[in-house]
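Biologist: I am new to this structure and would like to learn how to read its features one at a time. Could you show me the model, so that we can begin?

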Amino acid sequence: MSEPVVDIRSLHVRFGEVEAVAGIDVQAYAGQATALLGRNGAGKSTTMRVLAGLIPPTAGTVVVDGLDMRKDTLAIKRISGYCPDVGGLIPRATPWEHLQLSARLRRLEDWEDRARDLLERFELGDVAHRITGGFSHGMGRRLSVVLASLHQPKLLLLDEPFDGVDPIGVDATMDVVADARARGACILISTHLRELAIQACTDVLVLRGGSRVASVESAEMAGEEGARAYRALLD
Amino acid sequence: MPTGLSSTSTATAASPRLGPVTSARRAVADVGHLARFRAGTVRRRAAVPWTIAIMVGLTLAACTLPMTFPGARTSTRAAEVLVLTPTAFAGFLLLAIISAVASGGGRELISREQAVAFPVSPTTDHLGALLLAPLNIAWLLQAWTLLGTMAYGLPVHLVPAAALSVLLWLAACTALAQIVAWTMEAIRRQPHGIGMVRAITGVFALAGLALQLSGRLGEMLDHVPTVWIVARSTIGFEWRWAEGVAVELVILVAAVVIGAVPAHLAARRMPRDEARVESGQFSARRLPGSVFAMLVRTDRSSVWRSVPMRRGIAVLAVGPGLVAIAGDLDWPMMTILPGLVASGGALLFGVNAWCLDGRGLLWRENLPARPGQVFGARAYVLAEFLVAASLATILLASLRAGVPTSYELSALVCLLLVVTVQVVGAALRWSAQRPFPVDMRSARATPAPPIVMVGYSTRLAVSTTLTGLVFSGLAHIPEWRVSVLAAVPFLIWSTWRLSRTAGVWLDPVERSRVVMAVAA
């Protein structure tokens, strides 16, 4: 197998007395979509935030596409796209202004057509020039996925992208994941929705109490049998 | 923020509707619950008793220290100060009204976002706003000034009675201001309400201007109804004093009760100012030429599209300017204005500057922008905001002050530069030290909890006033270079502190702490 795009070894993240991530190892590869499953507080979002360059690791190594997170944070941000688990939108900026900010900071050329296409696919074309403060939760989630995928990143990080999203938004997100896989991107999706995770991803990592407790192919988590296995891993 | 039954709520055997007396009782009790909840969220609890002790100490000092000042009670100046007291009483009422109207009905005991899950009635909201009104440096400074005026001008044995009367007047004015604020908010929330409020404000401003231009302002101030109150406040514990106090008490109680009516009216209507911003279309603009320009544009939009910031800066820019015109401030005295306006401007968002992005900061932090550039853009936008407001104030004030000399102008320009860097530095330092997750959508929102805001505003007021006094003195020296030379050490010191704060923002651990706190 080729070199992993994401190579996390013995990652620890502490917030004061709380250890949010306690020695996770994750390897994720180009062209694959990996789901992070687990209960609330399992460390999924914290791991995603570390990969997005928001939280520096307390201990352990995080390498993305051969770049060390501690030394090359800015370079990793250039090749990654991140949909945060909560909000993720500037309240008094419009979707188009969000896209402009991303395009300018990433030095994108001829991005407008793709941006318009993404907005249309996620049914946000009509509100492209309204500020996001008045958006519903689902609209905000959909726009966050658009923003994460605009620049066709090598690493696509989607934290709870299906949360509160209608079926059309779910389908559009599935398409974004499929497109990203087809062009060889590495995708990590953190979610509570097991069935959607299995549908979107090739592999599943189950986290519990800040540690990895299982790493399986998504097919093994499917159906009634998979649901029972998943339940057993959570307890 | 009040909430009501949803359309899916079913009627139960015991109706949730309460009688007016029970509702009022429950509202008072709920204020207690919410105040305790709010107090429970204070992070540095050890500081609370100290803060209360300092406030009580300052109030006692305002009531007693002026008695020991040279000329107290006996001088012509003491008599003049007493003569101006009715105007000061009326001025307090006017400023309380402006403050309450600008903040859309006063501060929230619990934010709209937090309150949405609880049955908080408009009466509770009204009482909470009244409770929080004194936690404002402008309110406190005026209160201490009025108390100090009595202590300075009156014989010692008359001061306790006068102080009691002043305290009651302050409370009555705050409650009266709340009625006006809720009424204006109720008007603003009806169709064409925003235009109506602007028209009402314009009529009052024009009336004030007409009085000033016709030279009848002084005559009117000599006959303000507060003369009646002051005449009874300053005679000691006599029957006529009791009569004045009784009237103040009646005004206070009536205003508190009546204020609940427009509060309910406003709560039933959609906040149009906020809704207009959130549902309006903002046409696309061309991509700026540089990353820094893009960052500045994003931050600038976040500031100027925010209802509380827009209203706040309008009041700050225009209010002191009008006072300066009315008071016929000369150029050296004008040096007090930039510090006042800059401090007020920073309190609108600068003291928690990263709250502009809200939870969007999580996404922004994943963008490949150099942290120094992000910090620089935020500092630039804050400085621009403060300078714009200060310049508007100075422009207004200059209308009556005539043409300045070169040294007066130099002192004012240097002061503007110094206080801007000073205030930006302090605000961004506090933003990094104590970030708060604040939703600045509501016109009533503040960037930090009220008690924290009092601390910030006190520190800003002290530092900028002292700086203003230095440059006020320099404005009398007939050599413009003196102010420039004096500004250099101020600027070096403030710039050094600002660069240290930038260093904190460059640290990824510190930055992640701020981001997580703001996006919580």
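Biologist: Across which strands of chain A does α6(A) lie, and at about what angle does α6(A) run to β8(A)?

Modeller: Before answering, I should say that this is a predicted model, in which local features need pLDDT of at least 70 and side-chain atom pairs count only at pLDDT 80 or more, while totals for chains, interfaces and linings use all residues. Residues are numbered from 1 along each chain as its sequence is written, and chains are lettered from A and ligands numbered from 1 in the order in which they are written. Helices (H or I, at least four residues) and strands (E, at least two) are DSSP runs, numbered from the N terminus; axes are lines fitted to C-alpha atoms, for helices over the stretch in contact, with angles running from 0 to 180 degrees between N-to-C directions. In this case α6(A) lies across β3, β7 and β8 of chain A and runs at about 150° to β8(A).

Biologist: What is the strand order of the open sheet in chain A, and which are its edge strands?

Modeller: Two strands pair if DSSP finds at least two bridges between them. Here six strands form an open sheet in the order β6-β7-β8-β3-β9-β10 (chain A), with mixed pairing; β6 (80-83) and β10 (211-217) of chain A are the edge strands, each pairing on one side only. On average, and ignoring direction, neighbouring strands of this sheet are turned by 15° against each other. At one edge, β9 (residues 203-208) of chain A and β10(A) run antiparallel and are joined by six bridges, with A:V204 having A:V216 in β10(A) as its bridge partner. Helix α1 (residues 44-51) of chain A also packs on the sheet, where it touches β3 (33-38), β7 (155-159), β8 (186-190) and β9 of chain A, and its direction makes about 145° with that of β8(A).

Biologist: How many bridges join β1 and β2 of chain A?

Modeller: In a regular strand the side chains alternate between the two faces of the sheet. Strand β1 (residues 6-15) and strand β2 (residues 18-28) of chain A run antiparallel and are joined by eight bridges, and A:I8 stands opposite A:V26 in β2(A). Their hairpin has two residues between the strands, and A:G16 takes a positive phi near 65° there.

Biologist: Why is α5(A) described as roughly parallel to α6(A)?

Modeller: Angles under 35 degrees count as roughly parallel, over 145 as roughly antiparallel, 65 to 115 as roughly perpendicular and the rest as oblique. The axes of α5 (residues 137-149) and α6 (residues 167-182) of chain A come within 11 Å and cross at roughly 15°, which means that α5(A) is roughly parallel to α6(A). Residues are in contact if their C-beta atoms, placed from the backbone, lie within 7 Å; among those making this contact are A:R141 and A:V145 of α5(A) and A:T173 and A:V176 of α6(A).

Biologist: How many residues of chain B are in contact with chain A?

Modeller: The same contact rule applies to chains, and here 35 residues of chain B are in contact with 37 residues of chain A. Of the side of chain B that touches chain A, the largest share, five residues, comes from α14(B).

Biologist: Which domains does the assignment give for chain B?

Modeller: Domain bounds come from an automatic or database domain assignment, which for chain B gives domain 1 (59-275) and domain 2 (292-520). Their centres, taken over C-alpha atoms, are separated by 27 Å, and 19 residues of domain 1 of chain B are in contact with 21 residues of domain 2 of chain B.

How values were computed
Contact = placed C-beta atoms within 7 Å.
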